[in-house]
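Reader: Please present the structure and discuss how its helices and nonpolar cores are packed.

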Amino acid sequence: MPKIISRYIARQFLFMILASFIGCFLLILLIDFVELIRRGGDKENADLWSLFMMSLFRVPVFTEQIMPFAVLFGSIAAFLNLSRKLELVIMRASGMSAWHFLSPALFVAVALGVLAFSAYNPVSAYLMDKSLEIDARIFGASFSPADQASSRDWVRQQGEDGDSILKAISSHDNGRQLAGITVFSYDKEGNFLERVDAKTGRLEEGYWRLSDVLVTSASAAPRHYETYLVSTHLTAEEASETMAKPSSVPFWELAAVIDRAARSGLPAHRYRLQYQTLLARPLLMAAMVLIAATVSLGVFRFGNVGKMILGGVLAGFVLYVVTELAKNFGSTGLVNPILSAWLPAIVASLIGFSILLYQEDG
């Protein structure tokens with residue numbers, strides 16, 4: 001295949017994929033910004049600039065999940081554009097098969113997948129950490145029902161003063177800093193002592209240092225403290241595994257986090273799954289190009305644009321459901337994280353490759 005044609009096709013696919021991704025990015029940013037304005041309407045320190053920066057910082061983490069689908073719909077748009085200008089017809093007439101003009105598209109998809117986990121993911125994780133800092137400063141322990149529904153489970157911890165159960169709305173710095181904290185404390189005999197609500201907190205050696213705290217107990221009136229200490233035996237590694245979200249850890253730090261968790265006797269299923277999912281991203285993006293080709297090549301010959309778009313949407317929806325199911329199994333340890341991360345991409349690639357073989361070579 002002439003290099004000039006290969007470069008031209010690669011540019012077409014790159015442009016369409018980036019356009020699809022940027023469109024999704026801006027749409028998510030607009031929706032998220034409007035929601036933050038609604039939430040921060042009654043907050044004294046919630047100015048528009050802070051809310052916008054908070055939304056801008058956390059949207060990259062959300063868009064990581066839609067990257068494969070941006071490749072899918074961008075590839076369909078690129079195929080349609082090449083077909084509309086009869087360029088694919090000319091390529092086929094010159095003796096090129098689908099594999100010839102798919103090669104540059106697959107190269108672009110794989111290259112974007114490598115950039116996604118090696119560069120985009122570390123940047124998005126860093127920005128998400130900054131977004132959570134702004135979130136803690138503006139909203140603190142105040143949250144909406146949607147936040148409450150998505151918050152993490154309760155964590156039981158031991159300490160010098162007795163056991164306690166802790167829950168936080170959000171965390172950053174690998175689980176060492178929390179916001180929207182609720183703690184139920186018990187004495188060494190297991191009797192309930194008090195409830196502690198704090199705006200923010202940080203893990204120190206042997207205790208949580210909580211700020212802007214309201215302490216409620218059955219034996220005394222509610223008391224407010226600027227700083228309050230809750231004892232804990234949690235280490236930094238244990239806090240990272242129990243409190244931090246895998247998406248908040250950059251790709252280049254995941255291996256070290258997994259290693260520390262293993263040396264501490266923790267399973268770290270969620271971090272292993274995140275690591276393998278990012279590594280499988282190039283193959284998943286290549287699979288999206290193959291799927292786009294399977295639902296588009298027939299359109300080039302018969303002109304059924306509606307069928308092409310519907311087929312692409314259905315294929316993307318099915319693959320999304322399968323991927324989420326595999327991730328849920330892998331995050332709990334029921335299925336090996338490597339299998340959970342790689343199986344959807346491998347199966348999708350094989351299906352797309354097989355259908356194209358049948359369509360092109362019979």
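The exchange below treats one helix pair and then the nonpolar cores.

Author: This is a predicted model, in which local features need pLDDT of at least 70, side-chain atom pairs count only at pLDDT 80 or more, and totals for chains, interfaces and linings use all residues. Residues are numbered from 1 along each chain as its sequence is written, and side-chain values use heavy atoms, with hydrogens and water left out.

Reader: How are α3 and α5 oriented to each other?

Author: Helices here are DSSP runs (H or I, at least four residues), numbered from the N terminus. The axes of α3 (residues 67–84) and α5 (residues 98–138) come within 12 Å and cross at roughly 155 degrees; axes are lines fitted to C-alpha atoms over the stretch in contact, with angles from 0 to 180 degrees between N-to-C directions. Angles over 145 degrees count as roughly antiparallel. The two helices, α3 and α5, are therefore roughly antiparallel.

Reader: Which residues in α5 meet α3?

Author: Contact means heavy atoms within 4.5 Å. From α3, Met67, Val71 and Phe79 take part, and they meet Phe101, Leu102, Ala109, Ala116 and Tyr120 in α5.

Reader: Which helix supplies the largest share of the largest nonpolar core?

Author: A nonpolar core is a set of buried Ala, Val, Leu, Ile, Met, Phe, Trp, Tyr and Cys residues joined through side-chain atoms within 4.5 Å, buried meaning under 20% relative accessible area (1.4 Å probe, protein chains only). The largest has 43 residues, with Phe13, Val71, Phe79, Phe101, Leu102 and Met285 making the most contacts inside it. Helices supplying at least two residues each include α1 (3–39), α4 (87–93) and α10 (281–302). The largest share of this core, 10 residues, comes from α10.

Conventions: Parallel < 35°, antiparallel > 145°, perpendicular 65-115°, else oblique. Buried < 20%, exposed > 50% of the residue type's maximum accessible area, 1.4 Å probe, protein only.
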